[in-house]
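The following exercises concern cysteine pairing, burial and charged side-chain contacts. Each task is followed by a worked solution.

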Amino acid sequence: MLLLNENIIKELYHIDEAITHVKEVLLAKSNEQIENPLRTVIEFPEQKASVLYMPSADHKKKYMTMKSVTIFPENVKKGRKTTQGVTLLADATNGEHVCLMDASYLTRLRTGALSGIATDLYAREDAEVLTCIGTGGMAFEQVLGVLEVRNIKKINLVNRTLARAEQFKEKLIQFGIDPSIDITIIPYEEKAEAIKIADVVNCSTRSEDPVLLGKEVTEGTHVNGVGSYLPHMREVDHDFILKANKIIVDDFHGATEEAGELIYANEQEDWSYDKIHGELMDAVVEKVSARERPNEITFFKSVGSAYFDLAVATGVYEKAVKEGKGVKVDL
């Protein structure tokens, strides 16, 4: 079995490859070649924690995965990671377990890839200004996804703590973005202004109260919402849901069970799930339309699903084998 830690994966595997492989799995799912059973969740009330088990199988590429993620919010008080995960990859032709890999970076990367694909389909082609609401763990790869598909010239960073936004700016600079040459990066204290001037907005917070309001969003804006993933969380308000011309979800079942914004909206009298424009898969295979008018407001809502993890796990494993990376162990 091959072992891949986060450092090896980061060295090997990048956003452009993740976008390619996530597109491939969306095409495979549209051809009914993906199996994706419902995830299993076990709660640990004393620790306010949970563990999630997420299986998936690709009948085209002949791989299967089991991703395990633990979420222990109280860990932050002890200086430990709140979220930890691993993915086990198996060969579907003989049942051999071929790779165990860290799942944290890959989860962030596949989510960034999803936003990149959605942005490519639904943001204006001339989009130049990206505003990030939230600069925490999920935000960086979201930026990479958008930069991969649009010629962004300015990035606005909004965080409850301005110092965190400043730190995020430094992380972007360390990655290789030169504000004096490539892209202007500005930490913003005024959230509404940063949203108003944006062509694309990335929301990646765990907020239970909306951080993006419909009244703040101007015509022609595309919004990616990836932070809220539980029914009680809401990153965008109901006015924005009503204002959006097209709402696209990564996975219909997951979104209607876990996306708090959509669950809340469905409970109101003026909106229902049948107003969802389609899944991202539908847009990739042109079953539903992409952006049609410059002034449309579009919203991509992602809560994640196991077959997206399957896509990137397969991709990084095959590249690791090809390049002779990772640690081989006998079990």
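**Exercise 1.** Determine why Cys203 forms no bond with the closest cysteine sulfur.

*Solution.* In this predicted model, the cysteine sulfur closest to that of Cys203 belongs to Cys132, at 9.5 Å. A disulfide requires two cysteine sulfur atoms within 2.5 Å. The separation is therefore too far for a bond. The structure as a whole holds zero disulfides. As to accessibility, Cys203 is buried at 1%, and Cys99 is buried with a relative accessible area of 0%.

**Exercise 2.** Establish where Thr119 lies and whether Thr119 is buried or exposed.

*Solution.* Thr119 belongs to helix 3, which spans residues 104–122. Buried means under 20% relative accessible area; Thr119 has 0% and is accordingly buried. Leaving aside residues up to four places away in sequence, the contacts of Thr119 include Val146, Val149, His222 and Asn224.

**Exercise 3.** Trace the salt bridges that involve Lys246 and Glu296.

*Solution.* Begin with Glu292 and Lys246, whose side chains form a salt bridge at 2.8 Å, N to O. Glu292 lies in the loop between helix 10 and strand 15 and Lys246 in strand 13, so the pair ties together parts that are 46 residues apart in sequence. Next, Lys246 and Glu296 form a salt bridge at 2.3 Å, N to O. Glu296 lies in the loop between helix 10 and strand 15, so this pair joins parts 50 residues apart in sequence. Finally, Glu296 pairs with Arg293 at 3.6 Å, N to O. For accessibility, Lys246 and Glu296 are both buried, whereas Arg293 is partly exposed at 41% and Glu292 is exposed at 51%.

Definitions and conventions
Residues are numbered from 1 along each chain as its sequence is written. This is a predicted model: local features need pLDDT of at least 70, side-chain atom pairs count only at pLDDT 80 or more; totals for chains, interfaces and linings use all residues. Side-chain values use heavy atoms; hydrogens and water are left out. Buried means under 20% relative accessible area, exposed over 50%, partly exposed in between (1.4 Å probe, protein chains only). Helices (H or I, at least four residues) and strands (E, at least two) are DSSP runs, numbered from the N terminus. Contact means heavy atoms within 4.5 Å. A salt bridge is a side-chain nitrogen of Lys or Arg within 4 Å of a carboxyl oxygen of Asp or Glu.
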